[in-house]
Amino acid sequence: MYDLTVKRDRTYGTTARAASAGQLAWYRDTSESSMAGVEVTTHKTRQNGRDALWLEIDYHWEKQSAPRKRLKVFVAGKAGYVYQLLVDTEATSQRLAEQSRLFASARKNLLIDVSTG
């Protein structure tokens, strides 16, 4: 099973760096997030022609030992919002290979600051 989410938010700030730092602080608070053993690799990247941060987050759920992996990209949009794209799954070799493909495909199709009306 994979979790795929996209959100536009300004809870932790208006830049990719601020938003990712705030989100990571929340993830590391096990009492709030239920995530434990959080280890992060951060990559500078580009998304839709803008500076962005791509995070690889290894963790497990509290009181469980099964490893998980969360891939997440943060990119600042207009009006102070930061877009976040996330793909999360169990960290098995088969799931991780598919997760990478899903994340790449979702990133190619992520629209930033596009009006539908």
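**View 1. Packing of helix α1 in the predicted model.** The buried residues of α1 pack against strands β1 (2-9), β2 (35-47), β3 (50-61), β4 (67-76) and β5 (82-90), and against helix α2 (30-33). On α1, the residues that count as buried are A16, A19, S20, G22, Q23, L24 and Y27. An α-helix has 3.6 residues a turn, so residues three or four places apart point the same way. Helix α1 covers residues 16-28, 13 residues in total. From first C-alpha to last, α1 reaches 18 Å, close to the 18 Å expected at 1.5 Å a residue.

**View 2. Surroundings of L53 in strand β3.** L53 counts as buried because its relative accessibility is 7%, below the 20% cut-off. Beyond its neighbours within four places in sequence, L53 is in contact with A16, R17 and S20. The contacts of L53 also include T42, H43, K44 and T45, as well as K72, V73 and F74. The C-alpha atoms of L53 and V75 lie 6.8 Å apart in space, with the two residues 22 apart in sequence.

**View 3. Surroundings of Q47 in strand β2.** Q47 has a relative accessible area of 4% and is therefore buried. Its side chain makes a polar contact with the side chain of N48, at 2.8 Å. With neighbours within four places in sequence left aside, Q47 is in contact with A52, V73, V75, R107 and L110.

Technical notes. Residues numbered from 1 in each chain as written. Predicted model: local features only at pLDDT ≥ 70, side-chain atom pairs only at ≥ 80, totals over all residues. Heavy atoms only, no water. Helix = DSSP H or I, 4+ residues; strand = E, 2+ residues; numbered from the N terminus. Expected span 1.5 Å × (residues − 1). Buried < 20%, exposed > 50% of the residue type's maximum accessible area, 1.4 Å probe, protein only. Contact = heavy atoms within 4.5 Å. Polar contact = N/O pair within 3.5 Å; in protein donor to acceptor, adjacent residues only side chain to side chain.
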